[in-house]
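Take a look at the model below before reading on. The walk goes from the whole chain down to one cavity and the helices around it.

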Amino acid sequence: MFTDKRSILFSFHITIISLIFVTNLRTISAEPYGMAGCGLGSMVPVWKNDIGQILAATTNGSFSSQTFGITSGTSNCTTDGLVKREIAQEVFIAYNEEPLELETAIGNGERIRAVASLLGCPKHAVELGKLMKENHSFLFEKSNSSLETRPKEILTRLKTQIATDTNLRLVCLH
């Protein structure tokens with residue numbers, strides 16, 4: 001009985017993935033992915049919303065594609081098993097933009113400490129928070145950028161400010 005259910009689930013996944021590939025004629029490229037992580041599920045461009053992330057996670061788990069991707073460096077995974085540093089930074093900002101903006105106005109908080117860790121300078125989170133507070137309006141300046149490009153824009157502005165700081169530019173990987 002277990003094998004029959006597994007076989008049906010496997011067939012269902014193959015059918016869904018095939019339909020998506022057939023109906024989506026544009027080239028599939030490696031893009032930043034959502035909370036489901038890297039793996040075969042992250043390669044399907046239409047699976048970027050919440051329900052799509054559930055399908056992506058199910059696909060990754062069902063086919064063990066995440067494990068294979070991590071060990072082989074394919075399917076949006078790097079060879080060392082980690083998400084590329086800059087993509088991880090952008091994804092964090094994308095999912096935490098509003099609370100990060102609030103913490104930046106204050107100059108400290110959990111998300112600022114997380115950004116410091118992602119930038120490779122977790123011991124300098126207080127200095128980074130102070131820099132972010134001083135440059136709050138520049139970092140979160142409203143623009144006509146799309147939801148997809150805004151996190152990259154904020155990250156670029158932050159790295160520009162880090163590069164001008166004599167201490168942080170030496171300790172943060174930017």
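What follows moves from the overall fold to a few helices, then to a cavity and one of its lining residues.

This is a predicted model. The chain has nine helices and zero strands. Read along the sequence, the pattern is therefore helix after helix: α-α-α-α-α-α-α-α-α. Of its 174 residues, 37% count as buried. Take the contacts between residues at least 6 apart in sequence: 51% of them join residues at least 24 apart.

Start with helix α5, residues 110–118. Ile 112, Val 115 and Ala 116 are buried there. They cover an arc of only 100 degrees around the axis, which puts them on the same side of α5. An α-helix has 3.6 residues a turn, so residues three or four places apart point the same way. The cover over the buried residues of α5 includes α4, α6 and α8. After α5 comes Gly 120, with a positive phi near 85 degrees.

Next is α6, which runs over residues 125–134. Its buried residues are Ala 125, Leu 128, Gly 129, Leu 131 and Met 132. Their arc around the axis is only 165 degrees, which places them on the same side of α6. The other side of α6 has Val 126, Lys 130 and Glu 134, which are exposed. Several helices help cover the buried residues of α6, including α4, α5, α7, α8 and α9. Of these, α7 spans 136–139 and α9 spans 168–171.

Now turn to α8, residues 150–164. Does its length fit its residue count, and what should the span be? At 1.5 Å a residue, its 15 residues should span 21 Å. The end C-alpha atoms of α8 are 22 Å apart, which agrees. The buried residues of α8 are Arg 150, Pro 151, Ile 154, Leu 155, Arg 157, Leu 158, Lys 159, Gln 161 and Ile 162. Two arginines and a lysine are thus on that list. The cover over these buried residues includes α4, α5, α6, α7 and α9.Where is empty space left inside this model? Rolling a probe the size of a water molecule over the atoms shows where empty space is left. The count comes to one cavity of 30 Å³ or more. The largest cavity has a volume of about 40 Å³. Its lining consists of Gln 89, Phe 92, Ile 93, Val 115, Leu 118, Leu 119, Leu 155 and Leu 158. By class, seven lining residues are nonpolar, one is polar and none is charged. Three helices, α4 (85–106), α5 and α8, each supply at least two residues of this lining. With three residues, α4 gives the most.

One lining residue is worth following: Val 115. Val 115 is found in helix α5. Is Val 115 buried or exposed? Val 115 has a relative accessible area of 5%, under the 20% cut-off, so it is buried. Which residues does Val 115 touch, leaving aside its neighbours within four places in sequence? Val 115 is in contact with Phe 92, Leu 100, Leu 128 and Leu 158. Among these, Phe 92 and Leu 158 also line the largest cavity. Leu 128 is one of the buried residues of α6, and Leu 158 is buried in α8. The start of α6 can be placed too: the C-alpha atoms of Val 115 and Ala 125 are separated by 8.1 Å. These two residues are 10 residues apart along the chain.

Terms used: Residues are numbered from 1 along each chain as its sequence is written. This is a predicted model: local features need pLDDT of at least 70, side-chain atom pairs count only at pLDDT 80 or more; totals for chains, interfaces and linings use all residues. Side-chain values use heavy atoms; hydrogens and water are left out. On a 1 Å grid over the protein atoms alone, a cavity is a set of points where a 1.4 Å probe fits but cannot get out, and a pocket is an open set with protein on both sides within 12 Å along at least five of seven lines; lining residues have an atom within 4 Å of a point. Grid points are joined across faces, edges and corners, and a volume is the space filled by probe spheres set on the points. Helices (H or I, at least four residues) and strands (E, at least two) are DSSP runs, numbered from the N terminus. Ala, Val, Leu, Ile, Met, Phe, Trp, Tyr, Cys and Pro count as nonpolar, Asp, Glu, Lys and Arg as charged, and the others, Gly among them, as polar. Buried means under 20% relative accessible area, exposed over 50%, partly exposed in between (1.4 Å probe, protein chains only). The arc is that of the directions from the helix axis to the C-beta atoms. Contact means heavy atoms within 4.5 Å. The expected span of a helix is 1.5 Å times one less than its number of residues.
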